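Student: I'm new to this one and would like a close look at a single part. Could you pick a serine and walk me through its surroundings, then show me how that part fits with the rest?

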Amino acid sequence: MKKIPFLLAVFCAASSLLFAQSVKVNEPDVCYTCHEDVKDEHAKKSQHTAFAGGKCSDCHNPHASRHATLLNDKVDKLCLSCHEDLKGLDELAAKHQPVINGECLSCHDPHASDFGNQLVQSQGALCMSCHPAVTEWLKQTRVHSPVAGKDCMKCHDPHGSANAGILAKDVPQL
């Protein structure tokens with residue numbers, strides 16, 4: 001007699017689990033019922049692929065997580081799960097400090113931005129927010145044209161490089 005309630009409980013648990021996994025929701029609309037402010041970010045010009053495609057669950061778990069904002073994993077691991085081109089960064093001689101710290105969101109907005117590559121600010125303003133010496137360089141009489149144009153990526157790779165100073169190329173080739 002004790003086997004029947006146990007088997008019934010197992011059947012009910014398994015059925016609810018299977019049913020829960022087969023429920024389809026209108027993603028992202030169901031997310032926007034609470035996160036309406038995020039919906040407005042679709043008007044921005046540079047959008048994360050998952051966000052633009054309405055795939056919130058590619059990055060977020062809708063129920064629970066060990067990570068802030070219900071992310072599926074740590075920020076850097078989550079980003080690297082799709083951004084294959086950045087997976088070799090650990091092997092580079094010079095890495096940008098936010099990359100070393102796994103702080104992708106120091107420079108990139110996870111949903112959308114009005115700046116290219118989902119940067120949180122314009123490239124020059126973003127670089128100068130951590131590198132204040134550039135502001136002083138701009139006050140000089142003669143300033144290297146990429147510095148004057150705040151085009152840091154003309155010479156530097158923002159993630160990392162085989163070259164010192166995260167230079168995109170070795171000095172003679174710049």
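Tutor: Here is a walk around one serine, followed by a look at the whole chain and a few other spots. Keep in mind that this is a predicted model.

Let's start with Ser161. You'll find Ser161 in strand 4, which covers residues 160-161. Is Ser161 buried or exposed? Ser161 counts as buried, because its relative accessibility is 5% and the cut-off for buried is under 20%.

Now look at what the side chain of Ser161 does. On one side of the story, the side chain reaches the backbone nitrogen of Asn163 at 2.9 Å. There is also a polar atom of the Ser161 side chain that lies 2.4 Å from the backbone oxygen of Leu167. Which residues does Ser161 touch once you leave aside its neighbours within four places in sequence? The list holds Leu92, Ala93 and Ala94, along with Ile166, Leu167 and Ala168. So Leu167 turns up twice, because its backbone oxygen lies 2.4 Å from that side chain and it is also on the contact list, while Ser161 itself counts as buried.

Next, zoom out. The protein has nine helices and four strands, and from the N terminus on they run α-α-α-β-α-α-β-α-β-α-α-α-β. Of its 174 residues, 20% count as buried, and Ser161 is one of the buried residues. If you take contacts between residues at least 6 apart in sequence, 45% of them join residues at least 24 apart. The accessible surface comes to about 12600 Å², with 59% of that belonging to carbon and sulfur atoms.

For a contrast with the buried serine, try the surface. Val23, Val25 and Val30 make a nonpolar patch of about 230 Å². Val30 sits in helix 2, residues 29-32, and is partly exposed at 42% relative accessible area. While you're there, check Pro28, in the loop between helix 1 (3-22) and helix 2. A cis peptide bond joins Glu27 to Pro28, with omega at about 15°.

Two more loop residues deserve a glance. Asn117 isn't a glycine, yet has a positive phi of about 55°. Asn117 lies in the loop between strand 3 (112-113) and helix 7 (123-130), and counts as exposed at 53% relative accessibility. Lys150 isn't a glycine either and has a positive phi of about 55°. Look for Lys150 in the loop between helix 9 (145-148) and strand 4, where Lys150 is partly exposed with a relative accessible area of 38%.

Note on methods: Residues are numbered from 1 along each chain as its sequence is written. This is a predicted model: local features need pLDDT of at least 70, side-chain atom pairs count only at pLDDT 80 or more; totals for chains, interfaces and linings use all residues. Side-chain values use heavy atoms; hydrogens and water are left out. Patches are made of residues with over 30% relative accessible area and no salt bridge: like charges are joined within 9 Å, nonpolar side chains (Val, Leu, Ile, Met, Phe, Trp, Tyr) within 5 Å. Accessible areas come from the Shrake-Rupley method with a 1.4 Å probe; for residues, only the protein chains shown count as cover. A salt bridge is a side-chain nitrogen of Lys or Arg within 4 Å of a carboxyl oxygen of Asp or Glu. Helices (H or I, at least four residues) and strands (E, at least two) are DSSP runs, numbered from the N terminus. Buried means under 20% relative accessible area, exposed over 50%, partly exposed in between (1.4 Å probe, protein chains only). A polar contact is a pair of N or O atoms within 3.5 Å; within protein, one must be able to donate a hydrogen and the other to accept it, and residues adjacent in sequence count only if both atoms are side-chain atoms. Contact means heavy atoms within 4.5 Å.
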